[in-house]
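Dear colleague,

Please find below the structure that I am handing over to you. My notes on what was found in it follow the display.

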Amino acid sequence: MNTKMTINRLRTGVPGLDEVLGGGLPEFSFNLITGPPGCGKKTLAHHMMFALATPERPALYFIVLGEPPLKMLRYQQQFEFFDNEAVTRSIRYITDLRFSPYGTAFSTDTIIVQRCIEIESRLLRVMAEEKVRASDYSDELRLYQIDDYGIRISKMLVEQEGLLGGRPTQKNNQMPLPQFETDELGALS
């Protein structure tokens, strides 16, 4: 008898991200966050690490482009999720690790893509899941913002199309740009 193996999910601690990932990150997975400079890759990775890492299940942060951990941590300390004790207790940094740009995508379990887009002369950040193995996940392109809490994900941009192709258009010219609203738990709606 062939039984289907269940892959446990780990909650990311990032408001809205678990829904996009189909329930969270797959346990024991290797995850890749991609995007241009300034889109929040380090903040998203740190937000998830501080939510998930424990002394029994430490998080490893691979520094691919050689930015010193002390410089990175100095900027991450501004966020509510930051826990200075976790850095030595459950989070480890590995520097100067080099990956092939092709081989890495094949070995990852999750790929989160972040981009900056322009809508109505405003630079906005969007996120999508390009790959999550063994999972139903959202194919929605969603707005997100970075604030004192870290990364917070909003709803899908339903009235815009062509955002990643460089020629964004609105499906309905009457629809204004979505505004971020926060509920009582700090999640975006």
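**The second largest pocket**

The second largest pocket has a volume of about 320 Å³. Its lining comprises 16 residues, and those closest to the centre of the pocket are Gly38, Gly40, Lys41, Lys42 and Thr43. Two elements, helix H2 (41-52) and helix H3 (69-76), each contribute two or more residues to this lining. By character, the lining residues of the second largest pocket are seven nonpolar, five polar and four charged. Please bear in mind throughout that this is a predicted model.

**The chain as a whole**

The protein chain contains five helices and eleven strands. Of its 189 residues, 40% are buried. Among contacts in the chain with a separation of 6 or more, 59% are between residues 24 or more positions apart.

**The five-stranded sheet**

An open sheet is built from five strands in the order S3-S6-S7-S8-S9, with mixed pairing. Its edges are strand S3 (31-34) and strand S9 (150-156), each of which pairs on one side only. From one strand to the next, the twist averages 30°. As general background, the strands of a sheet pair through backbone hydrogen bonds, in either the parallel or the antiparallel sense.

I describe the pairings in sheet order.

- S3 and S6: these strands are parallel and share four bridges. Asn31 is placed opposite Thr110 in S6.
- S6 and S7: ten bridges connect this antiparallel pair, and Val113 faces Ala128 of S7. The two strands form a hairpin with two residues between them, and in the turn Glu120 has a positive phi of about 50°.
- S7 and S8: strand S7 (residues 122-132) and strand S8 (residues 142-147) are antiparallel, with three bridges. Arg125 has Tyr144 in S8 as its bridge partner.
- S8 and S9: these strands run antiparallel and are joined by five bridges. Gln145 lies opposite Arg152 in S9. A hairpin of two residues links S8 to S9.

Burial was examined for two of these strands. Strand S6 (residues 110-119) is largely enclosed by the rest of the structure, because seven of its ten residues are buried. The edge strand S9 is mostly covered, with five of its seven residues buried.

**Strands S4 and S5**

Strand S4 (residues 59-62) runs parallel to strand S5 (residues 91-94), and four bridges join them. Leu60 has Arg92 in S5 as its bridge partner. In a regular strand, side chains alternate between the two faces of the sheet. Strand S4 shows such an alternation: Ala59 and Tyr61 point to one face and are buried, whereas Leu60 and Phe62 point to the other face and are not buried.

**Two residues in the loop between H1 and S2**

Both Leu21 and Gly24 are found in the loop between helix H1 (17-20) and strand S2 (25-26).

Why does Leu21 count as buried? Its relative accessible area is 0%, and the cut-off for buried is under 20%. Setting aside residues up to four places away in sequence, Leu21 touches Arg9, Thr12, Thr110, Glu129, Val132, Ser135, Asp136 and Tyr137. One of these partners, Ser135, is 114 residues away from Leu21 along the chain, and the two C-alpha atoms are separated by 7.9 Å. The contact list of Leu21 also includes Thr110, the residue that stands opposite Asn31 in the pairing of S3 with S6.

Gly24 likewise counts as buried, because its relative accessibility is 0%. Beyond its neighbours within four places in sequence, Gly24 contacts Arg9, Leu10 and Asp18. The C-alpha atoms of Gly24 and Arg9 are 5.1 Å apart, with the two residues separated by 15 residues along the chain. Arg9 therefore appears in the contact lists of both Leu21 and Gly24, under the contact criterion of heavy atoms within 4.5 Å.

Yours sincerely

Definitions and conventions: Residues numbered from 1 in each chain as written. Predicted model: local features only at pLDDT ≥ 70, side-chain atom pairs only at ≥ 80, totals over all residues. Heavy atoms only, no water. Pairing = 2+ DSSP bridges. Axes fitted to C-alpha atoms, helices over the stretch in contact; angles between N-to-C directions. 1 Å grid on protein atoms, 1.4 Å probe; cavity = no way out; pocket = protein on both sides within 12 Å on 5 of 7 lines; lining within 4 Å. Points joined across faces, edges and corners; volume = space filled by probe spheres on them. Nonpolar A, V, L, I, M, F, W, Y, C, P; charged D, E, K, R; others polar. Buried < 20%, exposed > 50% of the residue type's maximum accessible area, 1.4 Å probe, protein only.
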